[in-house]
Amino acid sequence: MVGGKTAAKRLMLTMFTHSRCQLCVDAKEALEQVRKQVPFEMTEVDIKQRGNEKWFEEYKYDVPVIHANGEFLLWHRVNVSDTISKLQKLNLTSIDDK
């Protein structure tokens, strides 16, 4: 708690993707629109890269898959308004959990 206010937990998204994924390109564009309303950091995991065999087995037919703070959020297509709503609820929950 800083100055009487509870700080929001930093929102971290992980996108599971691979290089030949047009839905992933579309998802990144949609997530940039989401970021204007709900700030977040994002990392990408190429499921076809060596060392990511676990993710390849889990998501080979489903990319893009997005996790928020380590938990499944969505897959395939990113609906901007739905994703904003989900992330805002997640952010509120993380504040309440402190």
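This is a guided tour of one protein chain, stop by stop, to follow in your viewer.

**Before you start**

The model is predicted, so local features need pLDDT of at least 70 and side-chain atom pairs count only at pLDDT 80 or more, while totals for chains, interfaces and linings use all residues. Residues are numbered from 1 along each chain as its sequence is written, and side-chain values use heavy atoms, with hydrogens and water left out.

**Stop 1: the whole chain**

Show the chain as a cartoon. It holds 3 helices and 4 strands; here helices (H or I, at least four residues) and strands (E, at least two) are DSSP runs, numbered from the N terminus. Walking along the sequence, you meet the pattern β-α-β-α-β-β-α. Of the 98 residues in the chain, 35% are buried. Buried means under 20% relative accessible area, exposed means over 50%, and partly exposed lies in between (1.4 Å probe, protein chains only).

**Stop 2: the sheet**

Now select the four strands: E1 (12-17), E2 (residues 41-46), E3 (65-68) and E4 (71-75). In which order do the strands of the open sheet lie? The order is E2-E1-E3-E4, with mixed pairing. E2 and E4 stand at the edges with a single partner strand each, so one side of each has no neighbour in the sheet. On average, neighbouring strands are turned by 25° against each other, direction ignored. For angles like this, axes are lines fitted to C-alpha atoms, for helices over the stretch in contact, and angles run from 0 to 180 degrees between N-to-C directions.

Next, check the pairings one by one. Two strands pair if DSSP finds at least two bridges between them.

- E1 and E2 are parallel and share 6 bridges; look for Leu13 opposite Met42 in E2.
- E1 and E3 run antiparallel, joined by 4 bridges; look for Thr14 opposite His67 in E3.
- E3 and E4 also run antiparallel, with 4 bridges; look for Val65 and its bridge partner Trp75 in E4.

**Stop 3: strand E1 and Thr14**

Zoom in on E1. Of its 6 residues, 5 are buried, so the strand is largely enclosed by the rest of the structure. Select Thr14, which is found in E1. Is Thr14 buried or exposed? It counts as buried because its relative accessibility is 15%. Not counting residues up to four places away in sequence, Thr14 touches Thr43, Val45, Val65, Ile66 and His67. A contact like this means heavy atoms within 4.5 Å.

**Stop 4: helix H1**

Add helix H1 (22-35). H1 lies across E1, E2 and E3, and runs at about 165° to E1. Together, E1, H1 and E2 make a right-handed β-α-β unit. To check the hand yourself, point the strands away from you: the crossover is right-handed if the path from the first strand over the helix to the second runs clockwise.

**Stop 5: the disulfide**

Select Cys21 and Cys24. They are joined by a disulfide, with 2.2 Å from S to S; the definition is a pair of cysteine sulfur atoms within 2.5 Å. The structure holds 1 disulfide. The link is right-handed, with 80° about the S-S bond, and both Cys21 and Cys24 are buried.

**Stop 6: the nonpolar core**

A nonpolar core is a set of buried Ala, Val, Leu, Ile, Met, Phe, Trp, Tyr and Cys residues joined through side-chain atoms within 4.5 Å. The largest one has 24 residues, and Leu13, Leu31, Phe40, Ile66, Leu73 and Leu87 touch the most other members. E1, H1, E3, E4 and helix H3 (80-96) are the elements that give two or more residues to this core. H1 supplies the largest share, 5 residues. In soluble globular proteins, nonpolar side chains tend to be buried together.

Click on Ile66. Leaving out residues up to four places away in sequence, its contacts include Leu13, Leu31 and Leu73.

**Stop 7: two residues to compare**

Select Phe72 in strand E4. At 46% relative accessibility, Phe72 counts as partly exposed. Beyond residues up to four places away in sequence, Phe72 touches Val65, Ile66 and His67.

Finish at Leu11, in the segment before E1. Leu11 counts as buried, at 3% relative accessibility. Leu11 and Ala68 are 57 residues apart in sequence, and their C-alpha atoms are 6.9 Å apart in space. Setting aside neighbours within four places in sequence, the contacts of Leu11 include Phe40, Leu87 and Leu90.
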